[in-house]
Amino acid sequence: MPQDDSAARADRARGQGDSVTDDLRRTGSHQDRFLGEQDLTTWRTRLGRFLVRCVRRLARWLGPHAAVLVPLVIGLGVAVTMTVASAEVYEAVMDQDDAAALDRPLLQAAMTVRSPWLDTFVTAYTHVGGVIGMPILAAVAMVWLALSRRSWTPVLLVTVAAAGSLLMTVAGKPLIGRARPDLADAVPPYEYSASFPSGHSLNSFVIAGTVAYLLVLRQRTRVARVLTVAAAAAFAVSMALSRVYLGHHWFTDVLVAQTLGAAWLALVITAHRLHLTVRRRGPASPDS
């Protein structure tokens with residue numbers, strides 16, 4: 001009988017725990033904690049746990065919101081440093097003509113499939129990722145997500161993500177000053193800024209990735225999450241390929257840009273996870 005009572009109590013405790021978890025999922029302030037069945041405030045690596053301890057200590061002095069800005073600022077510094085480092089590696093590779101051996105055949109292949117109607121379509125599409133189209137798209141997505149979620153989180157994440165990718169683009173272009181493909185090989189309207197890195201590719205990857213991340217946090221089915229990520233990836237990749245098709249960038253420009261975008265997106269998501277963790281656990285005590 002005592003064993004039966006213990007088993008019954010254990011079942012009730014599990015049931016209550018499941019009920020609490022379901023309540024947390026239904027509550028807007030806690031829904032961002034879960035990506036499918038994964039609790040984003042649970043850190044399994046030593047580095048992750050170390051970051052949590054650091055941010056919790058900062059939160060004790062600065063508050064939870066300001067404390068998360070510190071790793072974001074550090075992350076932005078890391079992202080810019082990565083841009084500089086990638087530029088140095090990129091320049092060394094170009095000196096050996098390894099990248100040129102890949103770039104020119106891909107540009108020539110793109111030129112063989114051009115046609116007037118396709119040039120017009122791709123030009124219109126690539127403007128979506130430009131200096132006018134992408135800010136408008138990001139603002140619309142940001143406002144829609146903020147209103148639908150009744151939260152400032154989309155505003156903060158999209159703004160920080162966009163600012164970081166813009167800074168990486170601005171920092172990267174003068175470091176190399178690589179010329180774009182010849183105008184004779186490009187589709188007008190022509191562009192004259194430095195070719196590396198591709199701002200269209202970098203910004204579209206970061207913005208699409210951030211929006212997809214915010215969406216999948218609130219989607220309940222795996223199919224919906226997979227479709228959302230696939231749509232974001234298709235947008236980013238097609239935007240990058242449009243730059244090569246039009247002859248506005250070399251392939252390596254868009255490839256490195258998307259690599260940098262993936263790294264910056266990972267840092268933004270990590271900062272958001274740290275914010276969720278600090279909100280859940282609270283600031284660290286002086287002796288923790």
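Okay, before anything else: when I say two residues meet, or are in contact, I mean they have heavy atoms within 4.5 Å. What we're looking at is a predicted model.

So, how sure is the predictor? The mean pLDDT of the protein is 81, and 78% of its residues reach 70 or more. Residues 1-29 are another story: pLDDT stays under 50 there, and the model has 14 contacts for that stretch beyond four places in sequence. As a rule, where pLDDT is low, you shouldn't read the predicted coordinates in detail.

Let's go to a pair of helices. α9 covers residues 199-216 and α10 covers residues 222-245; their axes are 9 Å apart, and the angle between them is about 175 degrees. Anything over 145 counts as roughly antiparallel, so that's what α9 is to α10.

Who touches whom? On the α9 side you've got, among them, His200, Phe205, Ala208 and Leu215, and on the α10 side, residues including Val229, Phe235, Met239 and Arg243. Sorted by class, this contact has 11 nonpolar, 4 polar and 2 charged residues.

Now, one residue I'd like you to find: Thr126. You'll find Thr126 in helix α6, which is residues 116-127. Is Thr126 buried or exposed? Its relative accessibility is 1%, and buried means under 20%, so Thr126 counts as buried.

And what's around Thr126? Skipping neighbours within four places in sequence, Thr126 is in contact with His200, Met239, Ser242, Arg243 and Leu246. You may recognise some of those: His200 sits in the α9 list, and Met239 and Arg243 in the α10 list. With Ser242, there's a polar contact at 3.1 Å, side chain to side chain.

Methods: Residues numbered from 1 in each chain as written. Predicted model: local features only at pLDDT ≥ 70, side-chain atom pairs only at ≥ 80, totals over all residues. Heavy atoms only, no water. pLDDT = per-residue confidence, 0-100. Axes fitted to C-alpha atoms, helices over the stretch in contact; angles between N-to-C directions. Helix = DSSP H or I, 4+ residues; strand = E, 2+ residues; numbered from the N terminus. Parallel < 35°, antiparallel > 145°, perpendicular 65-115°, else oblique. Nonpolar A, V, L, I, M, F, W, Y, C, P; charged D, E, K, R; others polar. Buried < 20%, exposed > 50% of the residue type's maximum accessible area, 1.4 Å probe, protein only. Polar contact = N/O pair within 3.5 Å; in protein donor to acceptor, adjacent residues only side chain to side chain.
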